Amino acid sequence: MPSIQYYADKNQYPGSLDALVSDGYLRKIPVDPFTNAADTWQTVPSEADPNNPTASPGIYDVKSGSDGMSLDGTKYADW
């Protein structure tokens with residue numbers, strides 16, 4: 001996961017998905033397979049790090065921005 005490597009290298013999570021691209025952790029923001037767009041990702045913020053209290057919260061993970069439902073009835077955005 002690029003945000004984990006980013007944290008290991010910079011001691012903070014990225015502030016945006018674009019930071020992962022501009023700092024070379026991703027070539028480009030990938031396309032969300034459920035929305036077919038790269039700009040629909042919903043970001044999951046990081047929690048405060050008690051070992052690094054000066055680090056600003058950033059992006060820990062992403063989820064699909066789709067409103068669609070899977071066959072089992074769960075929203076893709078909840079995966």
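Colleague: How many cavities of 30 Å³ or more does the count come to?
Modeller: Keep in mind that this is a predicted model. Rolling a probe the size of a water molecule over the atoms shows where empty space is left. For a cavity, the probe has to fit but be unable to get out. By that rule, the count of cavities of 30 Å³ or more comes to 1.

Colleague: Okay, what volume does the largest cavity have?
Modeller: Its lining includes Tyr7, Gln12 and Tyr13, along with Ser46, Glu47, Ala48, Asp49, Asn52, Ala55, Ser56 and Pro57. The volume of the largest cavity is about 50 Å³.

Colleague: And by class, how many charged residues are in the lining of the largest cavity?
Modeller: Glu47 and Asp49 both line the largest cavity, and Asp and Glu count as charged. The lining also has 5 nonpolar and 4 polar residues. That leaves the charged class, with 2.

Colleague: Let's turn to the open space. Which element gives the largest share of the lining of the largest pocket?
Modeller: The largest pocket has a volume of about 190 Å³. Elements that give two or more residues to its lining are α1 (2-10), α2 (17-22) and β2 (59-63). Ile59, Tyr60, Asp61 and Val62 are among the lining residues. The largest share, 4 residues, comes from β2.

Colleague: By class, how many nonpolar residues does the lining of the largest pocket have?
Modeller: Met1, Pro2, Leu17, Leu20, Leu26, Pro30 and Trp41 are among the residues lining the largest pocket, and Met, Pro, Leu and Trp count as nonpolar. Outside that class, the lining has 1 polar and 1 charged residue. The nonpolar count is 10.

Colleague: Which residues make the nonpolar surface patch of about 290 Å²?
Modeller: A patch residue needs over 30% relative accessible area. Ile4, in helix α1, can take part because its relative accessible area is 37%, which is partly exposed. Two of the pocket-lining residues, Met1 and Tyr60, belong to the patch too. So the patch is made by Met1, Ile4 and Tyr60.

Colleague: Stepping back, what pattern does the chain follow along the sequence?
Modeller: The chain has 2 helices and 2 strands, and its C-alpha trace spans about 40 × 30 × 15 Å along the principal axes. Read along the sequence, the pattern is α-α-β-β.

Colleague: Last one: what percentage of the residues in the chain is buried?
Modeller: Buried here means under 20% relative accessible area. Ile4, at 37%, is partly exposed. Of the 79 residues in the chain, the buried ones make up 25%.

Note on methods: Residues are numbered from 1 along each chain as its sequence is written. This is a predicted model: local features need pLDDT of at least 70, side-chain atom pairs count only at pLDDT 80 or more; totals for chains, interfaces and linings use all residues. Side-chain values use heavy atoms; hydrogens and water are left out. On a 1 Å grid over the protein atoms alone, a cavity is a set of points where a 1.4 Å probe fits but cannot get out, and a pocket is an open set with protein on both sides within 12 Å along at least five of seven lines; lining residues have an atom within 4 Å of a point. Grid points are joined across faces, edges and corners, and a volume is the space filled by probe spheres set on the points. Patches are made of residues with over 30% relative accessible area and no salt bridge: like charges are joined within 9 Å, nonpolar side chains (Val, Leu, Ile, Met, Phe, Trp, Tyr) within 5 Å. Accessible areas come from the Shrake-Rupley method with a 1.4 Å probe; for residues, only the protein chains shown count as cover. A salt bridge is a side-chain nitrogen of Lys or Arg within 4 Å of a carboxyl oxygen of Asp or Glu. Buried means under 20% relative accessible area, exposed over 50%, partly exposed in between (1.4 Å probe, protein chains only).
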